[in-house]
Amino acid sequence: MKETRLSGLQWTLLTALRMVIGWHYLYEGVAKLIKGNWSAYGFLMESKWILAGFFHSLAGNSAVLAVVNTLNIWGLILIGLGLILGLFTRLAAGAGILLILLYYVCNPPFVGLFYSIPMEGHYLFINKNLVELTALLVLSVIPTQQVAGLDRLLYKLWKK
Amino acid sequence: MKEKNSSTDSTVPAAKSGKKIGRRDFLQGLAGVPVLGAFTLAALKQESYRRAARARKAAAAGGGEAPAELHVALIGVGAQGSVLLNSMLKIPGLRFQAVCDIWTDYNLKRAGNLLKKYGHEAALYQDYREMLDKEKGLDAVVIATPDFWHAEHAVACLRAGLNVYCEKEMSNSLEGARQMVLAARETGKLLQIGHQRRSNPRYRFCHDVLLKEIALIGRPVTAFGQWNRSAAPELGWPKKYEIPQAQLRRYGFDSMAQFCNWRWYRKLGGGPIVDLGSHQIDIFSWFLGANPSSVQASGGTDYYPKATHEWYDTVMATYEYATPLGIVRAHYKTQTTNGSLGYFEQFMGDQGTLLISESAGMGSVYREKANAPSWDEYVRKGYLTEPKLVEVKAEEESDALDVRETISPDEHKIALAFNDPYHKPHLENFFNAVRGKGSLNCPPEVAYESAVAVLKVNEAVEARRTLDFSPEEFRI
């Protein structure tokens, strides 16, 4: 396949996209951590569609729920840090995709599904989760971390 | 490599830019660090706002060291007296010295046993006069007897040199209430009337901050209050503890049934509008900063037998208030046959709505999007929670949003929690005032104004027309 070179502006904007998404993940995690008593319970219990049973069972067992909460908070924080710093970026992007995919299938905006948790917009199939997920997919195949990110240094060290 | 010297060298992936780590590699490698720095600053600032809001809430909850002991007596330890007693047991620095109740075998014994459990050896009396004669060294008396006894009990205690906390309604007659005000003035002793919302931190916050300081709802226009109760049978009593008939008569009751259900009888109480409505109509006057100028009302004993329910089981009253900001119409409803939606008060202005209740779950404000300025600042200051978006319910069938429907305002919760017993802050306010710390939140003059406004409802029901208040009626 023929390689197409990206311009400096294109690299810069893609890197900015990575950092913006990283910021979002990081604060979602930090805010939940600071709050202290945050729980995914309400979100999980709201689950509709075919995986609802699975998500409800996560919420139903307090020991499992505690693990889910911890994994979610620290997952968000670490993914956010990875994306902002460009550190283990592909791993962070992959984990971010997986996490947000879980959010998406937990409460998908499919035809005929209505939620009691108020949303700030109106969605049909595509919601902001899916947009962010797609953006991460793009970033997972374009190595912005080699332009701006600690991975650039790691890569070089590794190569030595 | 070819790209090495090209103009876009700096943006080329590391894989293609050689193996040596240069200055440029470091700069590009650390590109995320300033972003992380900015994030940290923003997050810390946000957290400091949150902390400030939390500290303000904690300060509102109060605190302090143990004060000198006050010697306290109770007159009347039935249902309401027990509520007050349980609240007082949570207040440090009180020594319960005496309790008085005419139902000696039941109320009095129960209160005595409860106090014993908490280490108080209280003397027990059937007659308040005997108690006032024998008990020396009392600082304060808490009165929770039926309304028609309030004036006599409160006046006697004030004259005996005691500070008095008396349940509302101040009296079932304005003359009784007047005597209480005069006795308090004459003796210089404190008289607090039990409109306990006046000391509730959530209500005080709504009044002092939301309405007065920042005028959140703008110019008030209407108010609404309600207290709905489910239909309930008359209160019964254990037969073996019945009070002898002669003793009942001595204290103004015809029968045991009347003694237990005194609130429904004309000569003893004022009915639900006085028992329940007086709390909330008092809030109308307090929050609106004015006494009413007129009232019209409809009511009747529509559901229960009239022989046992002399006072109206259902009352609806509409007041007009000439407030400093303009006319406000306030409607109040109490019914005793359906408890749905409970009890609350609601104030509507041109910029927002305040809904408040003694019931801890209720307490919200709604911003009028069309006219109100942004409330973001109040959210940041911790006065209100973040808004919960109220979705516009568009008609499923129609393509366009019905233009006749105004978009619903966002709901904010009042960001002040209060988890103590409802009466505790009001009692604390009283005992603090007895110790010389602060002034009463509901002195007799204020409660008298409230009694004037409330007792007129029953008159208006009888009169079947609008009754006016003159400003002099509220003064003594």
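These are my notebook entries on one helix of chain A and one sheet of chain B in a predicted model.

I number residues from 1 along each chain as its sequence is written, and letter chains from A in the order in which they are written. Because the model is predicted, local features need pLDDT of at least 70 and side-chain atom pairs count only at pLDDT 80 or more, while totals for chains, interfaces and linings use all residues.

**Helix H6, chain A.** I looked up helix H6(A), residues 128-141 (helices are DSSP runs, H or I, of at least four residues, and strands are E runs of at least two, numbered from the N terminus). At 1.5 Å times one less than its number of residues, the 14 residues should span 20 Å, and the end C-alpha atoms are 20 Å apart, which agrees.

I found Asn129(A), Leu136(A) and Leu139(A) buried (20 or more other C-beta atoms within 10 Å of the residue's own; exposed means 12 or fewer, partly exposed in between, with C-beta atoms placed from the backbone) in this helix. Seen down the axis, the buried residues fall within an arc of 85° (taken from the directions from the helix axis to the C-beta atoms), so they line one face of H6(A). The face turned away from that buried side carries the exposed Val131(A) and Val141(A).

**Sheet, chain B.** I traced six strands in an open sheet, ordered E3-E2-E1-E4-E5-E6, with parallel pairing (strands pair if DSSP finds at least two bridges between them). The edge strands, E3 (123-125) and E6 (191-193) of chain B, each pair on one side only. Four bridges join E1 (residues 70-75) to E4 (residues 140-143) of chain B, and Ala73(B) has Val141(B) of E4(B) as its bridge partner.
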